[in-house]
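Student: I would like to learn how to read the features of a structure step by step, so could you take me through one?

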Amino acid sequence: MDFLTSPDFWILTGSSLAKTLFIIFAVVLPMVSYTVYAERRVSALIQDRLGPNRTGFPISLLGAKKDWSPFLGGLGQPIADAVKFLLKEDFVPAHVNKFYFWIAPALSMMPALITLAAIPFGSTFLGFPMVVANINVGILFMFAISSVSVYGIVLAGWSSNSKYPFLGGIRSSSQMISYELGMGLSAVPVLLIAGSTSLPKIVEYQVQNGWMLLPYSNGHFGWAKTLLWIPVVIAFVTFTISMFAETNRLPFDLPESETELVAGYHTEYSSMKFALFFLGEYTAMIAGSALIVVLFLGGYHFPGIPNGAGEGGLLPFHFAPGSGSAMIYSAICGLVNITVFFGKVAALLFVFIWIRWTLPRFRYDQLMKLGWLYLFEIALVNIFLTAGILAFTH
Amino acid sequence: MATYVVPRPNLTWKEKMYLPSIFAGMMITINHLKRMLKGETKVVMQYPEEKWDAHMPEHYRGAPTLVKDDHGRERCVACQLCEFICPPRAITIKPEEIPAESKFAKVEKRPKEFEIDMIRCIYCGLCEEVCPEQAIFLRKDYAITGTSRAEMKHDKAKLYELGGVMDGLVNKWNPLK
């Protein structure tokens with residue numbers, strides 16, 4: 001009770017609220033809409049087309065002389081899309097199960113946003129750790145919440161009361177069962193090496209001992225690290241493949257598969273409800289990429305850049321602790337850390353898009369076979385491999 | 001009964017892994033992306049900025065228009081042959097007499113109203129072929145647009161504006177035209 005009335009409680013609440021607002025409204029939602037734009041643009045470039053290159057910002061409506069369409073063209077497209085989705089008729093077919101039909105889009109969007117709470121998207125900024133919820137079972141939280149998003153798809157498929165969404169929903173649930181295992185198990189080697197399930201601690205371990213995938217990034221060579229790199233690479237590959245399945249991206253977009261199931265689980269949806277499914281998919285992509293960055297790619301750390309307290313790094317700046325310039329320096333470092341993190345996430349999102357426009361869709365039985373017969377076993381053996389190496393070298 | 005047993009290909013270990021072919025495919029797509037970014041891939045014409053005008057063949061049949069001769073006289077004498085031959089009946093002509101005090105009084109007739117309904121026009125060029133006075137020509141305008149049906153009816157003023165002046169004796173039967 002003392003904590004609830006103390007100023008610490010209000011500082012914690014206020015800073016968490018500020019961080020939540022920042023990460024959701026200033027970073028992730030714009031990132032989602034521009035990922036959709038990037039998806040359209042990159043897919044076009046890969047297929048020798050141009051993609052949406054027309055829509056600019058109609059600032060001539062506000063009195064400017066010319067509309068503003070910056071260098072690439074089409075940067076106003078996400079805004080136009082959003083306006084279109086908001087203004088379209090929200091049609092609910094008569095044959096659907098209304099309650100679940102309404103709750104499904106929210107269930108597909110919200111888990112993706114909630115999982116972002118546990119992601120450390122920066123080191124510290126003005127002394128506050130840049131993670132909304134610093135929980136010591138962060139990775140379990142991520143897995144638990146992100147698997148809720150399958151309910152959105154299954155409920156959408158079931159409540160639509162029509163055959164194609166139904167097939168999509170069935171596919172989604174079985175896909176989820178086959179991939180959750182492999183995904184959870186392939187993250188275990190990282191947890192073994194870092195010795196923690198708290199995501200900020202995993203990142204701190206990588207800052208100290210080199211990234212999981214680039215073990216020499218802290219400038220030190222070590223035999224144990226080199227040996228451990230082998231299971232880490234295997235874990236990275238299996239984890240990334242499972243993440244593609246988790247976020248329903250090609251080559252595992254069986255719930256949606258436009259060519260077979262019209263539009264899969266969201267066939268009967270229109271307007272903003274459809275947009276929520278769409279945004280949910282991309283938010284899940286961002287959350288998934290963020291998790292990969294945290295687990296394997298060193299989180300906010302970049303070799304040579306100091307952390308949010310201005311410590312470490314290659315630049316020889318040393319300020320008296322507590323002085324104004326030290327404050328500004330550490331604040332700038334904190335911002336750079338955040339930028340590095342989202343830069344890595346953006347690079348991974350590009351890989352997601354790149355793979356989507358390269359690979360064809362897996363057949364249904366191939367997907368189940370891959371999940372149950374290969375990824376699960378590889379991840380399981382990989383745990384014992386990691387544990388063995390750790391036992392012999394530490 | 002002919003039965004064919006299609007042999008399954010024996011996949012090598014590398015092919016079964018599937019990952020090498022994924023990377024090969026990814027290299028192909030990224031090369032396409034790189035070529036696009038460098039501008040080495042030809043893309044379709046960016047229409048409103050680039051237009052067909054420079055690529056139009058000499059014999060292109062665009063919008064039908066009326067022309068004046070080098071004295072500023074409208075060549076049309078309102079014989080209505082084009083109106084009669086027009087397959088979709090897009091042309092409507094109301095003739096009138098040229099008043100006696102006019103410089104061109106001896107021509108006797110001119111169109112009072114000359115309307116071509118561009119929604120009906122099929123750009124066949126029969127009006128141009130049939131015209132004894134070489135007064136109607138198909139120009140190269142192809143983007144005829146309007147926001148109403150009334151706007152899509154080209155009246156006399158609009159037709160002369162599009163057509164302009166045609167000097168001298170124009171050889172209409174030029175095989176390329």
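Student: In which helix does A:Tyr151 lie, and is A:Tyr151 buried or exposed?

Tutor: Helices (H or I, at least four residues) are DSSP runs, numbered from the N terminus, and A:Tyr151 lies in helix α6 of chain A, residues 149–159. A residue is buried if 20 or more other C-beta atoms, placed from the backbone, lie within 10 Å of its own, exposed if 12 or fewer, and partly exposed in between. A:Tyr151 has 19 other C-beta atoms within 10 Å and is therefore partly exposed. This is a predicted model, in which local features need pLDDT of at least 70 and side-chain atom pairs count only at pLDDT 80 or more, while totals for chains, interfaces and linings use all residues. Residues are numbered from 1 along each chain as its sequence is written, and chains are lettered from A and ligands numbered from 1 in the order in which they are written.

Student: Which residues touch the most other members of the largest nonpolar core?

Tutor: In soluble globular proteins, nonpolar side chains tend to be buried together. A nonpolar core is a set of buried Ala, Val, Leu, Ile, Met, Phe, Trp, Tyr and Cys residues joined through C-beta atoms within 7 Å. The largest one here has 94 residues, of which A:Val190, A:Ile286, A:Ile292, A:Val294 and A:Leu295 touch the most other members. Helix α11 of chain A (residues 271–296) gives the most to this core, namely 17 residues. Another core, of 21 residues, lies apart from it and includes B:Leu66 and B:Cys131.

Student: At roughly what angle do helix α2 of chain A and helix α2 of chain B cross?

Tutor: Axes are lines fitted to C-alpha atoms, for helices over the stretch in contact, and angles run from 0 to 180 degrees between N-to-C directions. The axes of α2 of chain A (residues 7–46) and α2 of chain B (residues 19–38) come within 7 Å and cross at roughly 95 degrees. Angles under 35 degrees count as roughly parallel, over 145 as roughly antiparallel, 65 to 115 as roughly perpendicular and the rest as oblique, and α2(A) and α2(B) are therefore roughly perpendicular to each other. Two residues are in contact if their C-beta atoms, placed from the backbone, lie within 7 Å; among those making this contact are A:Val42 of α2(A) and B:His32 of α2(B).

Student: How many residues of each chain are in contact with the other chain?

Tutor: 10 residues of chain A are in contact with 11 residues of chain B, and α2(A) supplies the largest share of the chain A side, three residues.

Terms used: Helices (H or I, at least four residues) and strands (E, at least two) are DSSP runs, numbered from the N terminus.
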